[in-house]
Structure formats: structure tokens, C-alpha cells
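Reader: I'm new to this one, and I'd like to ask where the labels come from. Can we take a look?

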Amino acid sequence: MCLGVPAQIKEIIDIDNQIALVDLSGVSREVNIACVIDGAHQIDGLIDKWVLVHVGFALSVVDEEEAHKTLQILDEIGELSATMEDLDLGSK
Amino acid sequence: MKYVDEFRDPKQAKKILKEIDKLCSEITLAEDRPIQIMEVCGGHTHSIFRYGLNQLLPDNLEFVHGPGCPVCVLPRSVVDNCIRIAKHEDVIFTTFGDAMRVPGSDISLLDLKANGSDIRMVYSPLDALAIAQKNPNKRVVFFGLGFETTMPSTALSVMQAQKQGVDNFYLFCNHITIIPTIKAVLDSPGMRIDGFLGPGHVSLIIGTQPYKFIADDYHKPLVAAGFEPLDILQSVWMILKQLKNGEAKIENQYSRLVHDEGNASALSPIQEVFELREFFEWRGLGSINHSGVKINAKYSQYDAEIEFKLKEVTVTDPDVCQCGEVLKGVLKPWQCKVFGKECTPEKPLGALMVSTEGACSAHYSYGNNIDLINK
Amino acid sequence: MNKKYKDKKITMAHGSGGKASSDLISDIFVNTFNNDYLATMEDQARFDMQSGQLALTTDSYVVSPLFFKGGDIGKLAITGTVNDLAMSGAKPLYLTCGLILEEGLPISTLDEIIKSMQKTAEEAGVKVVCGDTKVVEKGSADQIFINTAGVGVIPQGVEIHSYSAQAGDKIIVNGFIGDHGATIMQSRAELAISADIDSDCQVLNHLVEAILSVSNNIHSLRDATRGGVATVLNEIANDSKVCINIKEDSVPVRVPTRGVCEILGLDPLYLANEGTLVCVVAAEDADSVLQAMQQTKEGENACIIGEVTDGPEGIVALNTLFGGNKILDKLIGDQLPRIC
């Protein structure tokens, strides 16, 4: 099942039961963060992190660096051939 | 919306589509047919139709809509068992919205709700647990379905029930696993898929290692793909590049969320609460070994199958149903003998007509008219 | 509210026609609706009608919860009926109010609802001139059901119909769509989301007057209630036997409404509205109509979202961000939140 949206963790509400409050464009909901707590992400380090939310659970933390890299690759796709096209057109 | 809008940029999409066009003109297959890429997951099917991506592809490239919609592949017998459970006077039956309209042998959960049974739609299994805590005199059953994406949440909810001593909460577990699904497609005779868009959120849980056999043994590329239109287009571009170079690798386009090794914190509750079933029945695909999970002995007090003494019954699809062939890319929806006649969205016979985003349902609603609009 | 009703609840006696009944009618209804017609306490309201074609409509309101962000069942009961009249071009005049009350309903709740109805009626410039009250036993109704009927007069020469849309017409909405549906989703406790959205519930008759003051070429007007803008467009396309094309990037949706839709897997084009209209106008008048709408409170965010085209009859197509087309089909049943 697939419907997941990125939302930002705003507050830890219940440390014992691992519940946080997330915000997505002004919509808030409580989510369970058990799946995003690990060696790399301790519970108090999760504030302001973006996570993927699915059926009331945060399933993964968004890797901001990787997101940036992906957008860069997307930017570059077609740049090389667009440049070649321009050169071709220029030389005709 | 951050991490969403950037991946919906139409200008970028145009650029990628140009590249996809170019690559497609440079690839020739042994057989004389379009290049076929299967998106395994219902969420990808939904995105493709939502943004009209299938109309933007070159003529010699097609999407084949795979069996990755857990709602579509629910067998009638499972829905019949939901109905059996929900009919008990003391039961509050909770489910995701997707499952409400799926018809069993006779009626759907929505029909039963209209008849007075206490059936409630929830967004999360934790909401079902909260209902159980608020209604101690009722037995509250949560209908768990979905692939590995949804398993951690269901498992964690059962663990939470135990932690908080909630003894009137039950799980009717119908979770299915993705690998046997893909393998069943790969093994079917007449299969004509050239590459796979891998299910992005399942991959978030299990990582990309489990897909290795697809490249090693079947020599097909798979790219774990995100769900925004640019994610899908980039993944298609990556598959085409592999096809052009005669490669078959597993790649990860959704790297902002998917790690190749998966998510251990999400896998741990799955291993804690579930175990594999011997086999599981799929609407349209028949029975597939080890393709489902059930609650293990440690958490058996939460198992609705035990509590309600459910029997495993097989209810076969009508003989005329050709969902299997459509799922594997052998037939197009409109080539099925009963498409649009005995099988329509209002009266679906098979899996792919059940969900509004199933391949047959989508083609029924959009098919001809889209061509007329596009002219 | 009269002090004697403090902490009191509706009982079967309030519906029986005796003293308790007539006191309730006087103290709450006549007192709040405050007009000469109702004050006569006759069995009927009597008034002279202006000449012209009459428009008559009725609707029943059973919404739960009774109070939500941006409105309540009382406000809805007036806006719904006023707006139905206004969509014909009629000037709404007089409304009826039929109530079915559940035994045990706090009278303070009833009072609050009636006050809200009067406030909305004043905004619309209409009067509630007659009514009826019944009380049913506890469990036989969900607190309060309201029926309102309304009558208005259509000015001479105004012909606005669902079947009058023509190829070339432009399609305008008066503002952000889907807010009412998103608000109701928020108020459903089992979904547990909270957002800064209010229902768009508002009367539209003044907006319609402004539209008609600048154009004689309004072909269709519909208020997009249950089923949303997409449903209304389908009805017009069907009735007028035309094809409608909507541009996805022109459809105005507030950021938090979009957020609710993304989380729950809903489409804002199918969410309910209670103060949003769809106006189908001849192309040559579109700009002046748009400007006139943008001068009003109800239409300050009005925009053109598409047009009527030559294409397959009865079809509504969405031109997506990427240039592909998607059919906006009629809704089958209610839109349910999805996870797939």
C-alpha cells in the first residue's frame, strides 16, 4: 500500500508510546515514530525532521541530501542533449 | 508542499519525456511489440492515471499495470469472512476506506454497514486500538491488508495492544508479501515485461536487496521508484537506459527515502508479530506459496481467525475471468472476453475491475474518451 | 435566550401542541426570526407576490456534527435553500422552517441554531415566515433535522439552465474549492487530523446579483454542494450535451485543504462545498463577469478554470499539469479516504 506523504515533525507528544505531532501544509496529526527511531535518529533529534507518513506512522526520515541529489540529476537529464541540439541548430 | 511539489514540475517532465522518446527510438526488441514496463504497485497506477503519464509516452512504450493493489487482489472468501465477523452484534469492524466497496460473493462491507452492522472506516490501526479502549464491552477487529508497507503499523498496533493490556482488540491479518507476487508474474507463461517499476514504499521497508533475483535469474531491470510524476518518469528513463545497454540491474531512484538495506526499525516489529503463511489465495492469480503472513503464536490472542473460528474457504472466480492474463501483460483489458459486458465497475467480476484504479476499471472509464479528447 | 430554558431539554410535550409547544414557538422561534409574518402566529404566512416567474425549492439538513468550523446546521439550512434559488437567477424572498427535534436536545443548542439561521437570513435578505415543530422519541432522530423550503422571483428575461451551456463558454468558480468537505473530514474524530480550514458556507444571492448586473449571457449557474465541482460539471456537460475542459493548474485550492487531500488520498474537485458556485458564461462576457465577482466578498478569489469545447458529449476532461488528459468522471458513492 502506497499512499504516503512527507510531513515535518513538530513536537514529541508521548515519549513512552513514541508519538509525535507532524505538520503538512498546516494540517497536523499525531503519528507513531517507532520506525524512525534508530542509532542514527534518537527521539529528541527528530524535531524538524521530515518523515514519510503512512496510516498514522512515520516510516522513514527523508534524506535531504539525497533529495537534493535526485533533483540535481533530474535537472541534468536532457541538459546534455539540449546543449547538443542548440549547438547543432547554431551551426546550421 | 516540500518534497512533493519539486517532483511535480511540468518543465522537468517535458525534458525527461524528450529523453525517453530518444531512448525508445534507439531500442529494438526481439519481438515486434512495444516496450512494456510493469508498475507493480497500485499507488504507481494511481499516479500514472492522475497525471495522464501513460498518454505522454512514445508509441512504442507502454505501462502494464501489475498486481500490486492489495485491494484488487483480495479474494471473495476474505471479504466473505470480513462480513461473517462484522455480523456479530458485539463486534465493531474497522477497516481502511479502500476495502469498503469490494464485493464478496454476495455483498460488500459498505452494503453491510447500510444494513446496520457497526463498521467504521479508520485512517490508522492505532485509531482502531483507540476504539477498542473506548468500548471495552465490544470486540474491535481491525482488517489489516497491504504489502510490507503497512505491516509495521499493524504489527506495532498489536504490540501496543499487548503493552497496554487491551484484550478486546483483534487483527484480521491479510497482509501479503511482494517478492512471491513479482515472481509469480515472472514465472507465468507468455509473460512479456521488459522492466519493472519497483514499489517505492515497500522498498522503504525491505530495501532493494530482495529484488536481486529479478536481475540475476530473470535478467530484467527493476528500479525502486517514488510516486511523484518526476519519480516515475526518471525511473522509466533509468530502465530504458539499461535496456538500451543490454543491462539488467536493480537501481534505486527513490534514494531520498529508500535505503538499499531497508529499515531495520520497521522490519523488527514485523518479525516480532508475524510469520509466513504456507500459501495465500489471490483474486485473479490463484494461490501463491508463502505470499501472505499471519499472526504468530506469541500474539495469537489478537488473531481474529482464531477468535472467530474462521475457516479457509476458496471461492473461485468465474471461469470467464481473465484477470491473470491482463495482470501479466499478455492481454490488454479490452481484449478480455467479459470486459465491459458482464464485467463493469458497477458489477465487477474480477480483481482489476474492483478498484477504481485497477487497470480494467481505469480503461473502462477513460479509454475511448481519452482518445477523442486528445485528438 | 429566556432564562426559563437554562439547562432545560426538549421533551415530548414541546411537540404536542399544548402550552409547552406554543411557549417554545413564541420564545425561541417568533422572538428570534422577528418578522411580522411569523408574529401573526397564523397557520400560514400570507404575502403579495411580485410578478414574474416564481422559483421554489426545498432541502433537508441532517448534518453531523451540528457545529463545525465556519458554520452549523442552522447556517447550512438557510444558505442551501437561498443558494438553490439564487442559481436560477431568482431573488430569494421567503423561507419555511420545519424542525424534527430529538427528545433530550438541549434547548440552548436549539436556540443557538435558530439564532444562526436568523443571522444568515439577514445576510441573505430573506425572512423565515412559517414553520413547524415535531418532537420524536430519543433515538428516533440525530438531535435535530431541519427542512427549509424557499420561494423567490426570477427577474423577467433571465433564463439560466443546466442545459444551456454552449461550446466556447468559459467556466468560472467564485473561490477556493473543497473547504467544506475538508472541514467535515477534520471534524470526524476517527481521522484525527486538525487543520486551519473553515467551511466556505455562505449565501451567494448577492454574488449572483452582481453577476447578472453585468451580463445577460449567463448560461448555467450551479452551486457545487455534495459531490463537489466535478459532479456539477458532469451534470452540466450531460444536460447541455457538451464537452467541458478544465485546466488543472487553474483550479484554486487552499494549501491546508490540499494537505488534507494529500494525507487522505482525496481529490478536492469531488469534495463538498457550501458557498461555491460554478458559472458558465458566454466567452465575450467572461472578463466583465470575473471582474464583477472579484469586487464582492463572496467572489474575491474568483477565477476562470476552463471552458466548454467541441468534444465527446457529456464528458468532463481535466488537462493535467503535464499536458495529459484525465476524465473527471461522475462520483460513484461517497469519496472515501484511501491508503493505496
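Author: Sure, let's begin with chain A: among its contacts with a separation of 6 or more, 39% are between residues 24 or more positions apart. Keep in mind that this is a predicted model.

Reader: What makes two residues count as a contact there?

Author: Their C-beta atoms have to lie within 7 Å, so a pair that meets this cut-off is called a contact.

Reader: And which elements is chain A built from?

Author: Going from the N terminus, the order is β-β-β-β-β-α-α. That makes two helices and five strands.

Reader: How much of chain A counts as buried, and what does a residue need for that?

Author: The share is 42% of the 92 residues. A residue needs 20 or more other C-beta atoms within 10 Å of its own, so each residue in that share meets this cut-off.

Reader: Why is strand β3 of chain A called mostly covered?

Author: Strand β3(A), residues 27-32, has six residues, and five of them are buried. Each of those five therefore has 20 or more other C-beta atoms within 10 Å, and "mostly covered" fits the strand.

Reader: How do you know that β2(A) and β3(A) pair?

Author: Pairing takes at least two bridges, and β2(A), residues 19-24, has six with β3(A), so the two strands count as paired. The sense is antiparallel, and A:I19 sits opposite A:N32.

Reader: What lies between these two strands?

Author: Two residues, and the strands form a hairpin. In the turn, A:S25 has a positive phi of about 50°.

Reader: Which strand of chain C pairs with β3(A), and what makes it a pair?

Author: That's β8(C), residues 193-195, which runs antiparallel to β3(A). There are three bridges where at least two are needed, so this is a pair as well. A:V27 stands opposite C:A195 here.

Reader: Where does chain A touch chain B?

Author: In total, 30 residues of chain A are in contact with 40 residues of chain B. On the chain A side, β4 (50-54), β5 (57-61) and α1 (64-76) each give two or more residues. The largest share, five residues, comes from α1(A). By type, the chain A side has 18 nonpolar, nine polar and three charged residues.

Reader: What makes chain B a chain with domains 1 and 2?

Author: The domain assignment gives domain 1 as 12-321 and domain 2 as 323-374. Their centres, taken over C-alpha atoms, are 20 Å apart. The contact between them takes 30 residues from domain 1 and 22 residues from domain 2. On the domain 1 side, β1 (35-41), α2 (42-50) and β2 (61-68) of chain B supply at least two residues each.

Reader: Back to chain C: how do you know that β4(C) and β5(C) pair?

Author: β4(C), residues 91-102, and β5(C), residues 127-136, share nine bridges, and at least two are needed, so they pair. They run in the parallel sense, with C:T96 opposite C:C130.

Reader: Why is the crossover between them called right-handed?

Author: The chain goes from β4(C) through helix α4(C), residues 107-124, to β5(C). With the strands pointing away from you, that path runs clockwise, so the crossover is right-handed.

Reader: What confidence does the predictor give?

Author: Chain C has a mean pLDDT of 93, and 98% of its residues reach 70 or more. For the complex, the ipTM is 0.89 and the pTM is 0.89.

How values were computed:
Residues are numbered from 1 along each chain as its sequence is written. Chains are lettered from A and ligands numbered from 1 in the order in which they are written. This is a predicted model: local features need pLDDT of at least 70, side-chain atom pairs count only at pLDDT 80 or more; totals for chains, interfaces and linings use all residues. A residue is buried if 20 or more other C-beta atoms lie within 10 Å of its own, exposed if 12 or fewer, and partly exposed in between; C-beta atoms are placed from the backbone. Helices (H or I, at least four residues) and strands (E, at least two) are DSSP runs, numbered from the N terminus. Ala, Val, Leu, Ile, Met, Phe, Trp, Tyr, Cys and Pro count as nonpolar, Asp, Glu, Lys and Arg as charged, and the others, Gly among them, as polar. Domain bounds come from an automatic or database domain assignment. pLDDT is the predictor's confidence in each residue, from 0 to 100.
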